Each structure stands twice: as C-alpha cells, then as structure tokens.
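Good morning, colleagues. Please take a moment with the sequence and the structure before I begin.

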Amino acid sequence: MAPLLIHPIGGGDLGWQPLATSPAPIDFHGGPDDRRPLRKIFDGLTESGTGISGLLVVATTNIHGPSQQPFVEHAQRMKELLCSAEGLCGRTIPAERLHILQVAEPTVRHSVEPMKSMLTALAPDECLLTSGSGSYALGAGVLLAGIESGVPMTLLPVDEPSAAYRLRDLIDPRDTLRNWLLRHRFWDELAAVDPPNADLWRLLAARQRADISLAQTTTPRPGLDKGKLDKLAELWLAVQAAFYERLGRGEAVDHSLLRTWFTQRISRPSKKEAAAVSASARWVIDDLARKLSDPERRGGASQIKEARRRLAPVPQTRHAALIGDVELIDFFDRSTSHEAHLDPPGSRRLPGSLLANADQWEGSDPVPGMVRQRGMTVWPVLGTGDVLVLMCVGKVARHDPNDQAGQAAVREVIDWASRHRGSLARLGRIRLRLLASEETMDRARSWATLARATAPAGSLDATVLGPFSTAPGDAADINAEILAELGKAEPTGLHNSTSLRDVDEILLVINSGKPVTVNGMVAAAVQWSLNAACPLRVAELVRDRALRTVINEAGLTLCRLGMDARLARLASAAVRRLDTRTAWALLANGSPALAIAREAAAQFHYDLYGHASPTTSEDTRCALACRRLELIAHVLADEPWPACYTAVEVLRPGLFDWDTWKALRARFSPLKKLNTYRNESPYAHLLDRLRDEQRQQPSEPGKRKLSKTPPASEKAIESLRASIDVFQRLRGQNSPGLELVTRFTHLRAQLEELAEDAR
C-alpha cells in the first residue's frame, strides 16, 4: 500500500514570507519561481515515482501569527481546490482520500493525541511527513504520534524531497547495552554480555552482595594482581561498595544498609579523624554505635539526634559530621521506616555529608582503575548531578529586534533544567549547548552570555556549537557533527567530570531553529542518551494566550527509539534479584509503551513488600508469608545472604509486627534460625558483631565463630523451606503458595519481550 502524505500547513502554503507578522494576500497557487510547499513535494514524488494513498492536512483551529482566520479554514479551502477539476499545485485528490486533522494550537502538546487517533482511524502502513514548512511543533507532534503508534514515519524535506530520511535511521542503539549495565553497575548481567571481561564482572557482582569469598579464592593474574584482590576481599570495603552502588540506583534493600554503613563509618574513623576528636566525643559516638547495633532497638534517627545534642558542637571530621547533618538524620528517618520503599520512586537528593563520604571512598576504590585497564570508564557511583540541555537557535523575529522572546526562552529553559537538576542525587551543573547556523551564531552567543549571567555562579556552563548546515538533505551530517561535539571531552567517571558522557539527564528543547537542524539534534539527543545511559526528556517552547514564553514537557515518546529496550532489560535484571523498587524506578523513565510493565512491576513490588492491614487475619498473613518465601526460595536460591535478608524484610513488620515476630521466633526454631542468618549478613549486623568480637576476650570454647562469608546455599534454602512449613502449619494447610512465582515468571517474560531491539 502506498504511504499516506502528511502536511502541516503554515504561512508558506498561503504565499507568506517566513517570520511574517502582518496580514498579506492569500495565494495558494504560486508560480514557477514561487512554488508552494505542496508543489515542491508533489513534483519530488513524481520525479521519484512515489505514489501516495492520500493526503492528511494538519491545521490549527485557533488564530495565531499574521492570519486573521484559523488555519483550519485555509485547509478547507485547500481541500476544495485539491478535490476540484483544476486541482492545486499540479495535483487533484479524491475527497475520500483527503483528510483534515484539526488541532487546537500549534504545539506538540496539542497535536500528539489527535494525531494518534487519526492514525488509528486511517491505519496507514507508513507515512511521509513534510518537513521544512508550516509549524515545526505540529510536525514534531505528528512524528511523536507516529512513534507512539508504531507507524513508520519518513521525513520529506519540502525543498529537497529526494533527501527523505527516517529519524530512526539516524540512531543506532546497537552496542549500547553494555553502557547501561556498566552505568547502573549490573555486574552479573555484564558477565553475560561481555564474556572477555566476565572474570572482573563476577568479582564485582559478588562484592555488590558483600560476598568476599570469590575474591579470597581467585588466583592472581595480570589485571587482577594480589593487591587488587586483597582490596576486593576486605569486608568493610565490600560493604561500602554494596551500599554506594545500590544507593546510586535507589535500591539499598530498604536502606538497612544505610544503618549498617552509618554505624560502621562512625565507629571506624581513620587515625587522622580519631586524633581530631576528644575522648568525651569518642565516647558519645561509640555509645551511639552500640545502640544502633542492637537489632531489638528501634528509633535510630532519634538516637542520632540525641547524640548530636550531646556532642554540640559536633566535631568537623568526616565521620562525626554525619551525626551533625540534619539532612542525613531526616534521610535516615525516612529510609529506615520499613515503609519508605512503598512510596513511588521520585526525587532522591542525598545529604551532603553522605556525598562527601562517597566521594572519599570512590577516590580510593580500585574498581575504576581496573575497569579502565579493560578499555572502559565507569560512571560516578552516585552520578554527577549534571544535566545536558540541547537547544537550537533560530532567527530573531522581525517584530522583536531586541530579542525579548529569545531572552525569555533562555530563562524558561534554565528554570526547567534547574527543576530537573534539583531532583538528582547531587547538585551538579546545567550544561547548556546551543546549536546555531551561520546566520544565528551571534544570537546564540548572546543567549549563552545571558544564560551565564542568569544562573548562580558555578551552576551552569554554556557553549555554542556550530555553525551547522541548514541544507535540507544534511540531517545525517548534522547529527554526526553534534555527536562529535558532545564527545570531545573524555569521560572521567568522577562526579566533577567535564565530559558530557557523565551527565545524569539529557533535556531536549524543540521548536527553535531550522527543521533539518532540529531533527539532527533530536536524533543526536536520542543517540547520546543511549551512549550516556541516562534518561532523555523533551520539552517545547511555546507562547501562551498572553504571549508569554512558556515551556511544556512533551513526554518520553522518544524513548521508543532505543532507550525503552535498555530500560526493560535493566528492569528485568533487577526483578531477577528481587530489587523490585529499582525495576519500578527504571521503567518510570521510559515511554508510554512501558506503562503497563511499570504498573505490573509496582504491583509486584507491593505484593512482595506491602503491609497487611490491621484487620487482616492471621490465616491471610501466613498465606502471604508462604507466597513471599516461596518466591525468595525460587529466585535467590544461589544467593544465601540476600535470600535470608530479604525473607525477614518481607515478613516483619509488614506482615507481623515486632512483638509478634519476636514471639514467633521464640516459638519456632526455623524462624529463629532464619532471623539469625539475616542478622549475621553484612546487610544487617555482621560488622557490628565482628567489632564486638574484637573488643571482647578470646571466644569461649565451643562458641560458634562468626564467618565473613555466606553460609552454603543449601543451608539457606533449608531454612527457608522450614520457615514455609511453619506458616503452612499455622494455616492448617499444606498447599504450595506459588502465585508470586508465577507472577515473577510472567513479569520477567514481559520485560524480556520489551527488551528485544525493534531493529
């Protein structure tokens, strides 16, 4: 079937000059030296022998620009001419094959949904979208609607129809999966997709579980010498790595690791830190560590507040400053509530003292160097806080010689970028990149100067890129040039990186500049988000009814062009480890195509960690416990510490409050043993108990010595199975609770299907 031609009409179809502001006579026909956009397109299609199944004209119903009538009325007149015997622009089109789509305003926001409905009604196999005339925002809305609807959309430059191209053809998502796995530190999955370096990835996967046994038993070899292996085999360093890496992706197992890390950090100062703290302050800090180490004691945040009061003034060493950081205490209070993980993923600004300690640890972590030896560069463990803003610069409107609209646009964009920057883990910089043609370089430089003067000192760097070509057929070259500019600075993997690869988000502003340049920028933004393994958000600049410049977010549709598959793959890997909140958060950064999977992941997360209501019967609580433990035994059979830790987390206090859980442990030895395994894991109280061992006299004869390595998988599974039996006896039933296992299998399959590359 021939493609459907889609044409957003504008002033050029009426014979008006670009950027016209005053009403002028309407001339739909033009002449040999003044061809209308449709004449150019029809001639180009004829030359290439391309047929069309019909024409869809997109027009607005409001009055804007120099027109004294809505453009939809002009579209109706064009339809009458095209369907008449004389035709228009050298063509006649049967009325049943010519359609008009009415859009409220010339914006992306107003055009996407009506266009999706029209594509559903017409069901074309493919579309040709004219580019280079009319409203770029309408065309962008049509393009996004095509992407969301899965209808192939070819861009047809009005001034050079033979240079047709697809946005998708400018983007290559292949070979970018490793970037996403490396940035988010999915070490297990890296071992599967990068076999040559699997030895390193397996070591780091074990370290992320705080399991040092693999590092202890690995034979030194080139690239993995004894010094590096010894570092990987230090339990406290492994716990820090597990904490920061899991925290960096919002995971951190209900942030019990936060308590573990905090307690160990304040009780193990460096020699320099210890020397700077008085004996009385050391006693207060040690007393706080003892209280936080007690698994039966609650209210950790209140204990930190009390220690802060007793310490006043708080010593300004890195470890003691943690106790005096009000933001950290609030963060601790929210994170260790056993309900925080049920809140929808959102902004996650981290306290300054925590970031300072992370940067100190990262500076001495051997992993960045080990990865660099393999020809790669890691990303900062907690990100840079930087956002990259891409924006084209068009010509100044004739009626605005002082460029007031341009200056307002710059301010709106900076405000938008600041809001997104404020939701990241740390406060970084706005990296504004303005794309200009030869004609707009001076305007772009003035925008950059204004941006630097507008933003607080040190919060923004602005650079003009270009000049770029404006030739209709140069989209691919423009795309390649932009990518080369973005990649000039080598990545460092450090939080103060100058490399644009290390940004945490990419913000794309459309609706300014030549269409071919904007399209090249859009493709480059999608590609760079795949290379940088970070979210991409889109907004458009428009004028509201009071003619003020405003910015409207345009959704996440562009994620369909590669990022969705990466997010689904990572989410599947997270579900595989029962890091269900991470999966939920990852899927939130994708297009609407991931919405159903995101809802499924959120529900699965709640079903695993959710709290029973006060009226829930004991029988129902025990049934839920069986389902949760069956799932954990099925999924984490080969990861004993995560299995035992997660098992207790999903049972108390969500299903059984603290007193009930204590009574159950006293009554049933399997539950007592499961709780013991949990408390002896590095995520819980192993480091606390190892410190106690060091302070005490040599162990009594026959007393079991704590192990720094996990129990055998068989022992963990045996404990889980015995615990399941306990809850089945309490229910008086012996039926397997496999509902969550079935849902787990279905969710993984759903995510793996979404992860398949459409290319």
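I shall go from the chain as a whole to one sheet, then to a group of helices, and lastly to individual residues.

Please bear in mind throughout that this is a predicted model.

Let me start with the overall dimensions. The chain has 759 residues, and for that number a compact globule would have a radius of gyration near 27 Å; the chain has 30 Å, which agrees. Along the principal axes, the C-alpha atoms fill a box of roughly 105 × 60 × 55 Å. In secondary structure, the chain contains 32 helices and 12 strands.

How much of the chain is buried? Of the 759 residues, 56% count as buried. The area that the chain exposes is about 31,400 Å², and 49% of it is supplied by carbon and sulfur atoms. As for contacts with a separation of 6 or more, 76% of them are accounted for by residues 24 or more positions apart. Regarding charge, there are 95 positive and 91 negative side chains, and the centres of these two sets lie 7 Å apart.

I turn now to the sheet. Six strands form an open sheet with mixed pairing, in the order E3-E2-E1-E4-E5-E6. Which strands stand at the edges? They are strand E3, residues 98–103, and strand E6, residues 165–166; each has a single partner strand, so one side of each is left without a neighbour in the sheet. At the E6 end, strand E5, residues 153–157, runs antiparallel to E6 and is joined to E6 by 2 bridges. Within this pairing, Leu155 has Tyr165 in E6 as its bridge partner.

Two loops that adjoin these edge strands deserve a remark. In the loop between helix H2, residues 71–82, and E3 we find Cys89. Its phi is near 55°, a positive value in a residue other than glycine. The loop between E6 and helix H5, residues 177–183, holds Asp175. Here too phi is positive in a residue other than glycine, with a value near 65°. Are these two residues buried or exposed? Cys89 has a relative accessible area of 5% and is therefore buried, the limit being under 20%. Asp175, at 76%, is exposed, since that class begins over 50%.

Next, the helices. Helix H30 spans residues 686–695, and its buried residues are Leu686, Leu687, Asp688, Leu690 and Arg691. What covers them? The cover includes helix H10 (235–248), helix H11 (256–267), helix H13 (279–292), helix H27 (640–651) and helix H29 (669–679).

H29 has its own set of buried residues: Pro670, Leu671, Leu674, Asn675, Tyr677, Arg678 and Asn679. Their cover includes H11, H27, helix H28 (658–667), H30 and helix H31 (713–731). H11 and H27 are thus named in the cover of H30 and again in that of H29.

One residue of H13 may be considered individually. Lys291 lies in that helix, and with 25% relative accessibility it counts as partly exposed. Setting aside residues up to four places away in sequence, Lys291 touches Arg297, Gln303 and Arg310. Between the C-alpha atoms of Lys291 and Trp236, which are 55 residues apart along the chain, the separation is 20 Å.

A second individual case is Asn552, located in strand E12, residues 549–553. Its relative accessible area is 15%, and because buried means under 20%, Asn552 falls in the buried class. Leaving out residues up to four places away in sequence, the residues that Asn552 touches are Arg109, Val538, Ala539, Glu540 and Val542.

I close with the backbone. Where do we find cis peptide bonds? One runs from Gly466 to Pro467, with omega near 5°, and Pro467 lies in strand E9, residues 460–468. Another joins Arg652 and Pro653, with omega about 0°. Pro653 is placed in the loop between H27 and H28, and both of those helices are included in the cover of H29.

Thank you; I welcome your questions.

How values were computed: Residues numbered from 1 in each chain as written. Predicted model: local features only at pLDDT ≥ 70, side-chain atom pairs only at ≥ 80, totals over all residues. Heavy atoms only, no water. Helix = DSSP H or I, 4+ residues; strand = E, 2+ residues; numbered from the N terminus. Rg over C-alpha atoms; globule rule 2.2 N^0.38 Å. Buried < 20%, exposed > 50% of the residue type's maximum accessible area, 1.4 Å probe, protein only. Contact = heavy atoms within 4.5 Å. Areas by Shrake-Rupley, 256 points an atom, 1.4 Å probe, with all protein chains shown as cover. Lys, Arg positive; Asp, Glu negative; His and termini not counted. Charge placed at Lys NZ, Arg CZ, Asp CG, Glu CD. Pairing = 2+ DSSP bridges.
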